[in-house]
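Biologist: I am new to this model. Please take me closely through its charged side chains, and then show me what lies around them.

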Amino acid sequence: MNYGSLRLHEESAPSRCGSCAQPVGAWATDRLTGLLGRWGWDDQAPALYRRAQRRWEQVALLMIDLDRFKKINDEYGHPAGDVVLSDVADVLKTHTRSSDLVCRYGGDEFLVLLPRTTAGEAAVVAERMLRGIRALQTEITTNDGYGMTLYGQTASIGVASHVPGAEDALIDLVRDTDAALQRAKRQGRARVQVHDPSASASERNPDTSALHHLLVLQDLMSSDQLPHVLVALSDGAKALEELAPMLGPEVHSTLERLQHNGFVHRRASRYELTAAAREWLADVLPVVAAWANRHLGHAH
């Protein structure tokens, strides 16, 4: 395949929304990066997938997640993070064809849908993107007004591809790609991972880390305080002064316990979940929240 074209998807993109027939315009585009936004993706990606389905053509998906991007926003400010996102978008544009759909799906996550592309070909594209992101030298101004250059940014990229069958849907391809992305993160980030169903199945078996999390969760659910603290911190960092009125003075010892177990760290005077805790809690938080709400109701 020839990936030498340095254009985005505009030439082949539909000129009108498939749902409301309105002209495709600002509503479909992410203002910061110039890529498709979430709404544009939701309109155009299913149509491209269905076209591949009708023609029995292979279609591939890349899911790109910038590694430790939150640290940039926290240390240098969101305007600095915006410049990094814009530079990353330029890398993605450079390595895609006019027939590909490139989307900023939200935050620091990007999706690239590649028609008529095998998993091996998509992995080559992903490796080029990975190298391009790592080579970036982004000029930023910090919140304190200092100019500096950021470099060494990395990304984790999941890749999946299939020929859609009659019963398949785009969400199936998204799930496979997300599984590959999560595996890339577990294996150390800064890498491309192609979806492997057999590997994904084997990784569902309990390992030391998973068993540790289950034991911690069991302990957590037997405590009156830990679930409430995790739920409170799940929507952002909080100072002790914010948590104490809600949870009582003993919250300080609970926070120390969570710090010791690697669930929480303290930045200045505010407590926040660690990255590992956020990833893990994404799966168990609904259960924890339900438990916390039920017991909070009993307390009243």
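Modeller: What follows starts with the salt bridges, moves to a surface patch, and ends with the buried surroundings.

First, the ground rules. This is a predicted model, in which local features need pLDDT of at least 70, side-chain atom pairs count only at pLDDT 80 or more, and totals for chains, interfaces and linings use all residues. Residues are numbered from 1 along each chain as its sequence is written, and side-chain values use heavy atoms, leaving out hydrogens and water.

Now the salt bridges. A salt bridge here is a side-chain nitrogen of Lys or Arg within 4 Å of a carboxyl oxygen of Asp or Glu. The whole structure holds nine of them.

Start in helix α1, which covers residues 38–55. Helices are DSSP runs of H or I with at least four residues, strands are runs of E with at least two, and both are numbered from the N terminus. R38 pairs with D42, and their closest N and O atoms are 3.3 Å apart. Both residues sit in α1, four residues apart, or about one turn of the helix. An α-helix has 3.6 residues a turn, so residues three or four places apart point the same way.

How covered are these two? Three classes apply: buried is under 20% relative accessible area, exposed is over 50%, and partly exposed is in between, with a 1.4 Å probe and protein chains only. R38 is partly exposed, at 40% relative accessibility. D42 is partly exposed as well, at 40%.

Helix α5 has a short-range pair too. D172 and R175 meet in a salt bridge, at 3.5 Å from N to O. They stand three residues apart in α5, so about one helical turn separates them. D172 is partly exposed, because its relative accessibility is 25%. R175 has a relative accessible area of 53%, so it counts as exposed.

Next comes a pair that reaches across the sequence. D65 bridges to K185, with the closest N and O atoms 3.4 Å apart. D65 is in strand β1 (residues 59–66) and K185 in helix α5 (residues 170–186), so this salt bridge ties together parts 120 residues apart in sequence. D65 is buried, with 11% relative accessible area. K185 is buried too, at 16%.

A network completes this set. K70, D74 and E272 are linked by salt bridges.

Some charged residues gather on the surface instead. R50, R51, R54, R55 and R116 form a patch of positive charge there. Patch members have over 30% relative accessible area and no salt bridge; like charges are joined within 9 Å, and nonpolar side chains (Val, Leu, Ile, Met, Phe, Trp, Tyr) within 5 Å. Lys and Arg count as positive, Asp and Glu as negative, while His and the chain ends are not counted. Each charge is placed at NZ of Lys, CZ of Arg, CG of Asp or CD of Glu. Accessible areas come from the Shrake-Rupley method with a 1.4 Å probe, and for residues, only the protein chains shown count as cover.

Look at two members of the patch. R51 belongs to helix α1 and is partly exposed, with a relative accessible area of 31%. R116 lies in the loop between β3 and α4. R116 is partly exposed, at 43%. Its phi is near 50 degrees, a positive value in a residue other than glycine.

R68 also has a positive phi, of about 50 degrees, although R68 is not a glycine. This residue is in the loop between β1 and α2. R68 is exposed, with a relative accessible area of 56%.

Now go inside. A nonpolar core is a set of buried Ala, Val, Leu, Ile, Met, Phe, Trp, Tyr and Cys residues joined through side-chain atoms within 4.5 Å. The largest such core has 32 residues, and L62, I64, L66, V88, F110, M129 and I157 touch the most other members. Two or more residues each come from β1, α2 (69–76), α3 (78–94), β3 (109–115), α4 (119–134) and β6 (155–162). Helix α3 gives the largest share, seven residues.

Strand β1, home of D65, also holds A60. A60 is buried, at 0% relative accessibility. The C-alpha atoms of A60 and A123 are 9.4 Å apart, though 63 residues separate them along the chain.

Finally, helix α8 (residues 226–233) is mostly covered, with seven of its eight residues buried. Among them are H228 and P227.
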